[in-house]
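Work through the exercises below with the sequence and the model open side by side. Each task is followed by a solution in steps.

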Amino acid sequence: MKYAPLYEALMNHSLTNKWSFHVPGHKNGHIFEEKARARFQSVLPFDVTELSGLDDLHHPEGVILEAQELLASYSKVKKSFFLVNGSTCGNHAMILSSFYNDDIVLVQRNCHKSVLNGLELAGVTPIFLHTEMDEEGGYPLGVHLQTVKQAVEMYPNVKGIILTNPTYYGMQQDIQEVADFMHSVGGVVLVDEAHGAHFGLKDMPISSIHKGADMVVQSAHKTLPALTMGAYLHVNSERVDIHRLKHALQLVQSSSPSYLIMASLDLSRLYLENLSSDEIKCILSQSEELRMYIESLPHLKVMKAPDRYQLDPLKITVQSDREISGYELQEFFEKEGLYTELADDRNVLFVLPLGPLNDTKDLQKVIKKKSDQLARYDTRQRTDQSLKGLSPVSRLALSYREMRGLQAKPKSMMDSEGQVAAEAVIPYPPGIPLVAKGEQITSKHIDEYSSLKKKGARFQGITEDHLIYVFDHR
């Protein structure tokens, strides 16, 4: 019988817990700000702690263990873990449990900032692999096998590779050849699959965990009906040291994990199991219909997957042929009540639900309204702002060990060419650093920053008056 053991245990507990003399302080919802009590009341009895019958995430023996085993069975992997600190902590745990200080690790350059933070925590030596580019979309894709081979030839003592697959824009590459090659040289393969928690469903892309990856992290909250910060970590290889992994998970996760998040992870697995073939067919059909509708409108186009890539059907990337940025498109949509996942200098990204769309006709009206308005804009004169000319294989200008002993000082980004960044400069979303901590800033970085800023991009790691911290190492 399909069921959610952790959720059921919380339901039973809520019926028997008459007096709460334990944390948290809202005491099953009896103590709460009156203004918001009605909104929160239904879920507060599930916001509990490690009580009898509710198990312990950091030493699961009961319902949490059973829920994780059901997830592993559904996902067809050796072991699965619930994550309550998002894919961020999963990336950290994968890295901390797979490598040792000063290990050489290949890293896909368009990785999320959490991967870079994990590399710094582990004290490894990252070797960056620059990606292929989608020229029409203007965004990075995956890493070519030849780039991986070149890196291994340059750094034969490599211990593994960290890939980001699919990209934020839903472009997935088949990593099997890369994984097979890395395994042949004794490396471990880790994949940040944050945007692929729904992969493996009928007629959906196949997860990297079944294409050679040793470990994969998925953000369940991105495409499944899980609460924010809910994620999964899957293991499908004997190359993984489970003892080290469990210890790493304790290091990077809260000692007071949210039972609400964990219950939503349990229920999200059940939701996937209960999706019928007809329901999945409807989800795919509505995605294609919306894609075709947008494509039929003047001045708007939908990005397609290039050769050797498969597109996630839940992602629709839209851009205009007019002189208008993705940030401006996003701002218009928001004024009409349509909130998209992200914008960049060219595109707006829609993340579709893993279920029925509501108010489809109204949605189409809003998109058509903008399409009609675009006629008054000039035709786009596209300029190439991608970071071309960079070596396919690169490394930090300073190691993490060297950075620890240095002072940082503020400097204008516009006058920072040749300096080494003491903090990552990150357009957010998507959270892919333009400049990584420890990288030398080039004129290309400055030009790209300036261009994105003018078009409306928001940045982390830099002030509104363009100040960035750099290392004083000369």
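**Exercise 1. Helix packing**

Describe how helix α4 packs against helix α5 in this predicted model.

Solution. Start with the geometry: α4 covers residues 86-98 and α5 covers residues 113-122. The two helices meet at an angle of about 35°, and their axes are 8 Å apart. Next, take the handedness: the crossing of α4 past α5 is right-handed. Then list the residues that touch. From α4 these are Thr88, Asn91, His92, Ile95 and Leu96. From α5 they are Ser114, Val115, Asn117, Gly118, Leu119, Leu121 and Ala122. Last, sort the contact residues by character: 6 are nonpolar, 6 are polar and none is charged.

**Exercise 2. Overall dimensions**

Decide whether the radius of gyration of the protein chain agrees or disagrees with that of a compact globule.

Solution. For 474 residues, a compact globule would have a radius of gyration near 23 Å. The protein chain has 23 Å, so the value agrees. Along the principal axes, the C-alpha trace spans about 65 × 55 × 45 Å. Now add the secondary structure, which comes to 15 helices and 20 strands. Turn to burial: 54% of the 474 residues are buried. Finally, consider contacts between residues at least 6 apart in sequence; of these, 72% join residues at least 24 apart.

**Exercise 3. Nonpolar cores**

Find which members of the largest nonpolar core touch the most other members.

Solution. The largest nonpolar core has 69 residues, and Phe350, Leu354 and Ile367 touch the most other members. Take Ile367 and set aside its neighbours within four places in sequence. Its remaining contacts are Leu290, Ile294, Leu297, Leu300, Phe333, Leu338 and Phe350. Another core, of 37 residues, lies apart from this one and includes Leu116, Phe128, Leu233 and Met403. As background, nonpolar side chains in soluble globular proteins tend to be buried together.

**Exercise 4. The surroundings of Tyr449**

Is Tyr449 buried or exposed, and which residues is it in contact with?

Solution. First locate Tyr449: it is in helix α15, residues 443-455. Its relative accessible area is 0%. Buried means under 20%, so Tyr449 is buried. Beyond its neighbours within four places in sequence, Tyr449 is in contact with Met413, Met414, Val425, Leu434, Phe459, Ile462, Thr463 and His466. For a view across the model, go from Tyr449 to Ser42, 407 residues away along the chain; their C-alpha atoms are separated by 45 Å.

**Exercise 5. Backbone details in loops**

Locate the cis peptide bonds at Pro166 and Pro429, then the positive phi values of Asn28 and Met229.

Solution. Begin with Pro166, which is joined to Asn165 by a cis peptide bond with omega of about 10°. Pro166 lies in the loop between β6 (160-164) and β7 (171-173). A cis peptide bond also joins Tyr428 and Pro429, with omega of about -10°. Pro429 is in the loop between β18 (426-427) and α15.

Next come the phi values. Asn28, in the loop between α1 (5-16) and α2 (34-40), has a phi near 65°. Met229, in the loop between α8 (220-223) and β10 (231-235), has a phi of about 90°. To finish, compare accessibility: Asn28 counts as buried at 10%, whereas Met229 is partly exposed at 40%.

Notes. Residues are numbered from 1 along each chain as its sequence is written. This is a predicted model: local features need pLDDT of at least 70, side-chain atom pairs count only at pLDDT 80 or more; totals for chains, interfaces and linings use all residues. Side-chain values use heavy atoms; hydrogens and water are left out. A nonpolar core is a set of buried Ala, Val, Leu, Ile, Met, Phe, Trp, Tyr and Cys residues joined through side-chain atoms within 4.5 Å. Buried means under 20% relative accessible area, exposed over 50%, partly exposed in between (1.4 Å probe, protein chains only). Contact means heavy atoms within 4.5 Å. Axes are lines fitted to C-alpha atoms, for helices over the stretch in contact, and angles run from 0 to 180 degrees between N-to-C directions. Helices (H or I, at least four residues) and strands (E, at least two) are DSSP runs, numbered from the N terminus. A crossing is left-handed if the near helix is turned anticlockwise from the far one by less than a right angle, and right-handed if clockwise. Ala, Val, Leu, Ile, Met, Phe, Trp, Tyr, Cys and Pro count as nonpolar, Asp, Glu, Lys and Arg as charged, and the others, Gly among them, as polar. The radius of gyration is taken over C-alpha atoms; the globule rule is 2.2 Å times the number of residues to the power 0.38.
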